[in-house]
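Student: I've just opened this one and could use a hand. Can we go through it together, one question at a time?

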Amino acid sequence: MDEAFSFVFLMVAATLRVATPLVLCAMGGLFSEKSGIIDVGLEGKMLMAAFFGAATASVSGSAWVGVAAAIVAAEALALLHGFACITWRGNQVVSGVAINIIAAGLTVVLGNAWFARGGQTPALVGDQRLMSLFFPTAGDNAIVYLALLSVPATWWIIERTRFGLRLRAVGEMPLAVDAAGISVTWLRYRAVLLCGLLAGLAGAYLSVAQGAGFGRDMTAGQGFIALAAIIFGKWRPFPAFGACLMFGLLDAIAIRLQGVKVSGIGEVPVQLILALPYLLTMFLLAGFIGRAVAPKAAGIPYEKER
Amino acid sequence: MRALRRPLPPWADIVLLPVINVALAFLTVGVLVALIGVNPLHALKLLIGGAIGSSESIGYTLYYTTNFIFTGLAVAVAFHAGLFNIGGEGQAYIGGLGCGLAVLALDRYLPGWILIPLAIAAAALFGAAWAAVPAWMQAWRGSHVVITTIMFNFVASALMVYLMVNVLIAPGSMTPQSRNFGPAGKIPSMHDALHTIGINVAPSALNLSILLAILCCVGVWVFLWHTPWGYALRTMGHNPEAAVYAGTNLKSMTMLAMCLSGGLAGFVGVNELMGVHQRIVLDFPAGYGFAGIAVALMGRSHPFGIVLAALLFGALQQGGAELAFEIPSMTREMVVVIQGLVILFSGALAHLPRPWLQSLLALRSS
């Protein structure tokens with residue numbers, strides 16, 4: 001009994017550990033997409049945040065200063081995305097791709113120039129890292145709880161506040177919002193900034209809490225898994241959270257199953273489990289498991305009539 | 001001010017604006033290089049020297065250019081159909097698998113002059129097949145290729161790791177790579193090919209795949225601007241409703257555009273595996289699929305522009321490697337930053353200089 005409990009506890013902890021950056025990114029992406037701004041640049045924002053978080057934590061000696069720097073870095077990219085997509089009405093996907101590529105290159109370039117360790121930051125020790133709060137073996141640092149909190153908070157903001165109502169409206173029909181005398185631009189900028197805040201936290205989690213320093217490409221596609229979770233959750237906070245947990249659990253299982261032979265099946269290819277989030281999302285998008293409908297104005301720049 | 005803003009004359013729209021956009025990207029890189037503490041002009045000099053300073057470096061520049069032409073054309077064909085194919089990376093990967101499998105299966109039985117065209121066709125077929133699934137999902141199930149091609153990049157990567165580690169790995173090998181291709185599966189290097197006709201160039205990774213790239217440029221140009229299918233494809237990109245009215249089947253046209261795009265991306269596998277590595281290896285697409293977006297945007301999706309852009313990016317790739325060798329505080333990833341900035345300035349922020357340019361030209365003409 002005790003053994004079963006500890007197994008379940010470890011699996012839950014492992015799932016939450018993996019799911020935390022996904023949850024934060026997915027909630028951030030939700031704000032952006034609900035307002036009509038597609039964000040394929042979650043990955044890049046998270047990567048940039050992870051780098052600046054670790055770099056600042058290592059130089060300043062304080063994990064929380066690192067977290068703040070991570071958020072600033074992600075917000076800078078969020079503003080760039082907003083500037084290109086909202087102010088200049090550029091293609092949102094192109095802007096997101098550009099941000100991903102810039103982040104992938106810039107983190108290594110700056111890391112190498114500042115620390116001369118092939119793109120890595122020095123390993124973080126002691127107070128430079130966020131530690132577990134209650135269960136030393138579970139890795140339950142403060143950002144894990146913030147991620148759990150972000151889900152009801154996102155739901156409440158989107159579903160229950162005036163800002164959320166307008167946010168949903170601007171993602172469905174910006175013309176109506178504009179006609180009501182509310183600034184489409186300002187609404188969308190606020191959504192993009194909220195997205196940057198959460199993606200920044202996710203990045204800080206990777207390098208300052210879960211990991212102990214930055215390594216090149218350390219996000220490894222998690223921003224895209226978060227994007228998949230948003231689609232899987234059909235652009236709703238709690239279902240998206242569920243998708244993140246499911247993807248996190250898959251990852252935890254994949255780590256457990258590495259090289260293990262399951263009776264009757266043989267060795268389960270770990271790569272298959274790692275690819276499952278993407279495959280499942282493809283099945284969903286193909287309309288085999290329900291239908292996922294994006295906000296109607298997502299991806300379309302709003303042009304104010306003169 | 002607003003009254004002055006007439007539309008730009010065509011020459012400014014086609015030539016001046018893109019040049020300004022690229023210049024802005026490079027200016028930003030210059031500032032970045034200076035911030036790192038390196039003199040940008042010194043870096044530029046090293047970069048140019050590294051890219052075209054010797055017969056060997058020119059060879060490498062052209063070898064990188066070959067890859068950029070393939071992925072640039074791939075993105076451009078989809079662009080013309082109004083589709084954004086971000087899946088070049090995965091399509092190149094699976095295309096490489098296709099030509100690799102063809103060579104591994106047949107290199108003991110067939111001579112090179114039959115095997116190589118067969119393997120090239122296999123690369124195109126596999127790349128096209130990998131693009132066909134997202135295309136089918138957009139055409140018939142209404143999901144967007146942007147998302148599905150991203151997902152398929154990751155699926156391709158997982159699939160390749162599985163195949164290389166468990167199935168295709170050469171017996172007794174520690175690293176996940178296939179057995180070496182037989183001599184029939186080798187595309188001759190430029191060094192060897194020119195040597196047979198009496199011209200001596202330094203050995204490099206450049207191989208005859210570059211001829212395939214040039215052929216593809218001509219082919220894409222003929223297809224898009226001189227065939228009824230190309231016309232229908234471009235019409236769909238400009239105005240899908242008009243295309244339907246003109247009798248185009250949007251579903252099959254989406255399939256056609258994406259399959260062509262995937263096939264072109266698949267040729268990266270030909271250059272990399274049959275031209276250079278001589279076996280199937282992991283991670284050979286190395287970002288060329290994404291860089292293709294920058295190439296297509298900078299080349300304005302025209303084969304001629306793409307060749308110019310691919311030459312520039314090829315030179316950057318090669319020169320950047322030299323630069324990183326000479327200056328320890330610089331890394332090759334600087335080239336990745338440049339690619340990203342070009343996508344930003346030539347793509348998402350393409351209209352940034354327009355109002356300024358409009359007022360400038362209006363001032364001059366008044």
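Student: At which residue does H5(B) bend?

Tutor: This is a predicted model, where local features need pLDDT of at least 70, side-chain atom pairs count only at pLDDT 80 or more, and totals for chains, interfaces and linings use all residues. Residues count from 1 along each chain as its sequence is written, while chains are lettered from A and ligands numbered from 1 in the order written. H5(B) turns by about 30° (the angle between axes fitted to the seven residues ending there and the seven starting there), with Pro134(B) following within four residues. The bend sits at Ala132(B).

Student: How far does H5(B) reach from its first C-alpha to its last?

Tutor: Helices here are DSSP runs of H or I, at least four residues, numbered from the N terminus. H5(B) has 30 residues, and 44 Å is expected at 1.5 Å a residue (1.5 Å times one less than the number of residues). H5(B) comes close to that, reaching 42 Å.

Student: What phi does Gly142(B) take?

Tutor: Gly142(B) comes just after H5(B). Its phi is positive, about 75°.

Student: Which helix supplies the largest share of the side of chain B that touches chain A?

Tutor: Contact means C-beta atoms, placed from the backbone, within 7 Å; that way 35 residues of chain B meet 36 of chain A. H5, H6 (145-167), H12 (288-298) and H14 (333-348) of chain B each give at least two residues to that side. The largest share, 11 residues, comes from H14(B).

Methods:
Contact = placed C-beta atoms within 7 Å.
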